[in-house]
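Visitor: Hi, I'm new to this one. Could you walk me through it?
Guide: Sure, let's put it up.

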There are 2 protein chains.
Amino acid sequence: MPTIEIRRAVYEANDERAGRIRAGLSSRGIFTVNILGSPGAGKTSVISRLAALVAASPRPRPVAVIEGDVASDIDTRALRALGIEAWQIETGGDCHLNAAMIEGILGRMTLADKSWLFIENIGNLVCPAEFVIGEDLKLVVASAAEGSDKPYKYPTAFARSAACVLTKTDIAEAVGFDEDFFRAGWEAVSPGAPLFPVNGRTGEGAAELLSWLEEVAAARPEA
Amino acid sequence: MPTIEIRRAVYEANDERAGRIRAGLSSRGIFTVNILGSPGAGKTSVISRLAALVAASPRPRPVAVIEGDVASDIDTRALRALGIEAWQIETGGDCHLNAAMIEGILGRMTLADKSWLFIENIGNLVCPAEFVIGEDLKLVVASAAEGSDKPYKYPTAFARSAACVLTKTDIAEAVGFDEDFFRAGWEAVSPGAPLFPVNGRTGEGAAELLSWLEEVAAARPEA
C-alpha cells in the first residue's frame with residue numbers, strides 16, 4: 001500500500017537526519033534530552049528546575065531549551081523571563097517535533113560546546129514517541145493528576161524513555177493517585193529504568209534527576 | 001506533493017464515511033458526542049457521571065460508550081463495572097479515532113434507538129481534533145491540573161468543540177490554576193460557547209452539562 005510505503009520513507013528520512021543531528025551535537029559535547037509528556041504534565045517546570053540547578057552549580061555548563069508547541073510561545077517567554085535561553089518551534093498543527101524542525105532551529109541558534117540541550121516536545125503522549133530528533137535520550141514526564149494508568153495506556157512513550165519524571169505528587173492524595181500501580185506500569189514497560197519524583201513548584205527531586213543525567217552524559221562514549 | 005495529496009484523500013474519505021455514520025445514527029434518534037481531552041483530563045469520569053444521571057432520570061434514554069485507547073481496556077472495564085454499556089477500540093498505536101474504526105465497532109454493537117452514544121477519543125489534544133467520526137458535536141474536557149493555558153496552546157481541539165468541560169477544579173488552588181485566563185482563552189477560540197465545570201469525583205456540575213446536551217439534542221433537526 002502506498003500510504004505505508006510513504007510512512008516508512010518518512011520515518012527513514014527522519015531517522016537519518018536525526019542521526020546526523022545527534023552526531024553533530026555529540027561531537028561538540030552537547031547532551032540532548034527530548035522531553036515527552038501530556039499537555040500540562042509539568043515539562044516546562046521540570047526544565048526550568050534543571051536549568052536553575054545547573055546555573056547554580058560550581059562550574060555550570062551552558063543550557064539551551066527548544067520549546068515545541070502546536071501554537072503559542074507561552075513557555076518560551078516563561079523560560080526567558082527566568083533568564084533561560086529558549087527557542088520556540090510552533091508547528092502550526094503538527095502533533096510532534098521531527099528532525100527537520102530541529103535541524104532548522106539549530107541553524108539559527110549559537111549553541112556553546114558542552115551545553116545541555118533540553119527539547120520540550122509537543123504535549124502529546126502518542127505521536128512524539130515515534131520520532132527521534134537527534135536526542136541522546138528521551139525523558140517522559142507524567143503528573144499524578146493524570147492518573148496512575150498512563151504507562152499502561154501509552155506504553156510506547158514510556159517504553160522509549162530512559163527515565164520517567166513523576167510530577168505533582170503533592171496533590172496525589174487529592175486526586176486519588178495510586179503510585180504503586182503507576183510504578184508497576186513503568187517497571188513493566190521499562191524494566192529497571194529509574195523514576196524520579198520531581199516537584200515542579202518547589203524543585204524537590206530535581207537534583208536527583210540532574211545527577212542521573214550527569215552520570216549518563218559522562219558515560220556517553222565520545223563521538 | 002504526493003504526501004499532501006494523500007493526506008487530503010485520507011481526510012475526504014474519512015469525512016464521507018463519518019457523514020454516512022452520522023446520518024445513520026441521526027435517523028434512529030441517536031445523539032453522538034465525541035469527547036476530546038489530554039491523557040488524564042477526566043473524560044471517563046465525566047462520561048460515567050452523565051451516564052449515571054441519565055439512568056436516574058424518570059424516562060431514561062439508553063446510553064452506550066465507545067472507549068478509544070492506544071492500548072489497554074482499563075476504562076471500558078471501569079465503566080462496565082458501573083453497569084454502563086462500554087465497547088473498546090484499541091488502536092495499537094494510532095493517535096486518534098477515525099470514522100472507519102467507529103463504523104467497524106458499530107457493526108458489532110446493538111444500539112437502541114434514541115440512545116446517547118458517548119465516544120471517548122484517544123487522550124490527545126492534537127490529532128483527534130482533525131477527524132470527524134460521525135458525531136453530532138465534540139466536547140473538550142480539560143483539567144485544572146493541566147494549567148490554564150491549554151486553549152491557547154491547543155486551539156484546534158478547543159475551537160472545534162461545541163462546549164468545554166473543566167474538571168478537577170477542587171485542586172485549582174493547589175496547582176495554581178488561573179480560571180480567568182483559561183476562560184479568556186476558551187472564549188477567544190470559541191466565542192459564546194459554554195463552559196461547564198464538572199467534578200468527576202462528586203458529580204457536581206454534571207447535571208448542567210447533561211441539561212445542555214439534552215437541549216442541543218432536542219433542537220437537532222430530525223434526519
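Visitor: What turn and shift lay chain A on chain B?
Guide: A turn of 180° and a shift of 0.0 Å along the axis, with an RMSD of 0.0 Å. That's the relation of a two-fold axis. The superposition is by least squares on the C-alpha atoms of residues with pLDDT of at least 70 in both copies. One caution: this is a predicted model, where local features need pLDDT of at least 70 and side-chain atom pairs count only at pLDDT 80 or more, while totals for chains, interfaces and linings use all residues. For labels, residues are numbered from 1 along each chain as its sequence is written, and chains are lettered from A and ligands numbered from 1 in the order in which they are written.

Visitor: OK. How many residues of chain A are in contact with chain B?
Guide: 33 residues of chain A, and they meet 33 of chain B. Contact here means that the C-beta atoms, placed from the backbone, lie within 7 Å.

Visitor: Which element gives the most to chain A's side?
Guide: H5(A), with 3 residues. Helices are DSSP runs (H or I, at least four residues), as are strands (E, at least two), numbered from the N terminus.

Visitor: And why do the copies meet through the same surface?
Guide: Because 100% of the interface residues of chain A are also interface residues in chain B.

Visitor: Switching topic: what's the strand order in the sheet of chain B?
Guide: S3-S2-S4-S1-S5-S6-S7, 7 strands in an open sheet with parallel pairing. Strands pair if DSSP finds at least two bridges between them. S3 (85-90) and S7 (195-197) of chain B are at the edges with a single partner strand each, so one side of each has no neighbour in the sheet.

Visitor: How many bridges join S5 to S6 in chain B?
Guide: 5, between residues 137-143 and residues 163-167. In that pair, B:Val140 stands opposite B:Cys164.

Visitor: Now helices. At what angle do H2 and H9 of chain B cross?
Guide: Roughly 75°, and their axes come within 10 Å. Axes are lines fitted to C-alpha atoms, for helices over the stretch in contact, with angles from 0 to 180 degrees between N-to-C directions. H2(B) and H9(B) are therefore roughly perpendicular, a label for 65 to 115 degrees.

Visitor: Which residues meet there?
Guide: From H2(B), B:Arg49, B:Leu50, B:Leu53 and B:Val54; from H9(B), B:Ala206, B:Ala207, B:Leu209 and B:Leu210.

Methods: Contact = placed C-beta atoms within 7 Å. Parallel < 35°, antiparallel > 145°, perpendicular 65-115°, else oblique.
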